[in-house]
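User: I have a model open here and would like to talk through its charged pairs and strands. Could you take me through it?

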Amino acid sequence: MKKKRRKNKKSVGKKILIALLLVIIALLGVYLFNIKKENNKEDKKKVKTTVKKEEQVKIVDLNSDERPYAVMINNNKAVWNYQAGLQDAYITYEIIVEGGITRMMAVFKNVTTSRIASVRSSRHYFLDYALENDAIYAHIGWSPKAKSDISSLNIAAINADNSSNTFIWDNNLKKISKEHRAYTSIEALKKAAKNKEYRTTSNKSLLLKYQAKSIDLSKYQNSLVANTVRIPYSNSHVTSYSYDSENKVYKRYQNNLEHKDYVTGKQYTAKNIITYKVRNYTLNDGSNKGRQDIENIGSGEGYFISEGYAIPITWSKESRSSKTIYKVKETGKELVVNDGNTFIQIEPSNMNLTIE
């Protein structure tokens with residue numbers, strides 16, 4: 001009987017030991033599983049963070065409420081070697097003015113550009129594009145209609161007459177006349193806006209929608225190969241672009257000359273080009289200087305050009321202050337552009353655009 005009891009005790013002891021070992025193994029398994037689970041969570045977080053950073057749009061800070069600054073840029077041939085700061089603009093408009101030349105308006109946001117040149121006078125239709133970007137508008141002087149419209153449209157304007165410290169005339173540029181020598185900076189514009197008590201934040205959405213991931217325009221049925229783009233404004237002024245496939249940007253030219261920055265010496269480039277035509281005609285403003293007006297309220301067709309291809313688009317603008325709405329003609333959906341700067345080329349309707 002004693003032997004049997006001993007055997008039973010040994011058997012029970014073994015069972016208890018095995019049970020304890022199983023419990024320990026189970027607990028250890030749960031512990032290791034939880035550690036692995038937490039590590040997987042951390043890995044997923046890291047992956048999500050990395051993807052988020054990669055997909056972040058770089059041309060502007062989409063979370064910033066900083067109000068943009070729109071600066072009138074002189075494009076007389078005399079200043080082509082002295083223009084500066086345009087590469088920092090996220091949008092640049094080019095439109096015909098008197099004498100067959102063009103003038104540009106460069107729009108800046110979230111940058112600290114120290115030299116923007118050369119700054120010249122306002123033309124009234126550029127105000128429409130300052131308004132659609134909710135921008136503070138910088139210029140030196142004006143045409144008669146621009147002067148009256150700045151007042152009637154309540155434009156937040158910074159002019160040399162009311163903010164002389166904002167603009168500097170570079171007397172080292174003795175090869176060109178004084179009216180071509182003026183420049184400004186983002187810092188100076190911000191100081192002027194503060195002194196004039198202008199609103200410096202904006203709750204308006206950006207004019208264009210951007211996508212960080214490269215947009216393949218070749219998939220559209222009506223897409224065109226766009227290695228070169230030629231946009232005549234008059235018999236004396238042609239803007240053109242040549243596609244740089246290595247860097248996926250368009251190099252900019254004026255009358256077949258490389259359009260370069262005075263400070264950096266680098267040729268200007270565009271990631272995106274939007275081009276369309278509007279009718280222009282000579283405005284009777286009493287000054288007999290041949291100043292122009294354009295029919296930019298309405299709708300029409302044009303092209304969006306980026307990364308070697310062009311697709312047909314439509315544009316519509318309901319009023320001077322409303323945004324121009326761009327849509328892909330094939331789908332009818334609002335245009336989305338690649339992450340980068342955009343030149344908006346508003347060409348005279350009697351000129352012939354070439355895309356090859």
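Analyst: Let me start with one pair: Arg-123 forms a salt bridge with Glu-98, the closest N and O atoms being 2.6 Å apart, where a salt bridge is a side-chain nitrogen of Lys or Arg within 4 Å of a carboxyl oxygen of Asp or Glu. Arg-123 lies in the loop between strand E4 (116-117) and helix H2 (126-132), and Glu-98 in the loop between E2 and strand E3 (102-108), so the pair ties together parts that are 25 residues apart in sequence. Helices (H or I, at least four residues) and strands (E, at least two) are DSSP runs, numbered from the N terminus. This is a predicted model, in which local features need pLDDT of at least 70 and side-chain atom pairs count only at pLDDT 80 or more, while totals for chains, interfaces and linings use all residues. Residues are numbered from 1 along each chain as its sequence is written, and side-chain values use heavy atoms, with hydrogens and water left out.

User: Are those two buried or exposed?

Analyst: Both Arg-123 and Glu-98 are buried, meaning under 20% relative accessible area with a 1.4 Å probe and protein chains only (exposed is over 50%, partly exposed in between).

User: How many salt bridges are there, and what does Arg-252 pair with?

Analyst: The count comes to 17 by this rule. Arg-252 pairs with Glu-94, with 3.0 Å between the closest N and O atoms. That pair links distant parts of the chain, since Arg-252 sits in strand E13 (residues 249-254) and Glu-94 in strand E2 (residues 91-96), 158 residues apart. Arg-252 and Glu-94 are both buried.

User: What about Arg-291?

Analyst: Arg-291 forms a salt bridge with Asp-285, and their closest N and O atoms are 3.3 Å apart. Arg-291 counts as buried because its relative accessibility is 9%. Elsewhere, Asp-128, Lys-145, Asp-149 and Arg-320 are joined into one network by salt bridges that share partners.

User: Back to E13, then. Which strands does it pair with?

Analyst: Two strands pair if DSSP finds at least two bridges between them. Strand E12 (residues 237-244) runs antiparallel to E13 and is joined to it by six bridges, with Ser-242 opposite Lys-251. Two bridges join E13 to strand E15 (residues 269-270), again antiparallel, and here Lys-251 stands opposite Thr-269. Two bridges also join E13 to the antiparallel strand E14 (residues 257-258), where Leu-257 is the bridge partner of Gln-254. E13 is mostly covered, as five of its six residues are buried.

User: And what happens in the turns?

Analyst: The hairpin of E12 and E13 has four residues between the strands, and Lys-248 there takes a positive phi near 60°. In the hairpin of E13 and E14, which has two residues between the strands, Asn-255 in the turn has a positive phi of about 50°.

User: Where is the pLDDT below 50?

Analyst: The mean pLDDT (the predictor's confidence in each residue, from 0 to 100) is 90 for the protein, and 84% of its residues reach 70 or more. Residues 1-5 are below 50 and have zero contacts beyond near neighbours in sequence, a contact being heavy atoms within 4.5 Å. Residues 44-54 are also below 50, with one such contact in the model. Where pLDDT is low, the predicted coordinates should not be read in detail.
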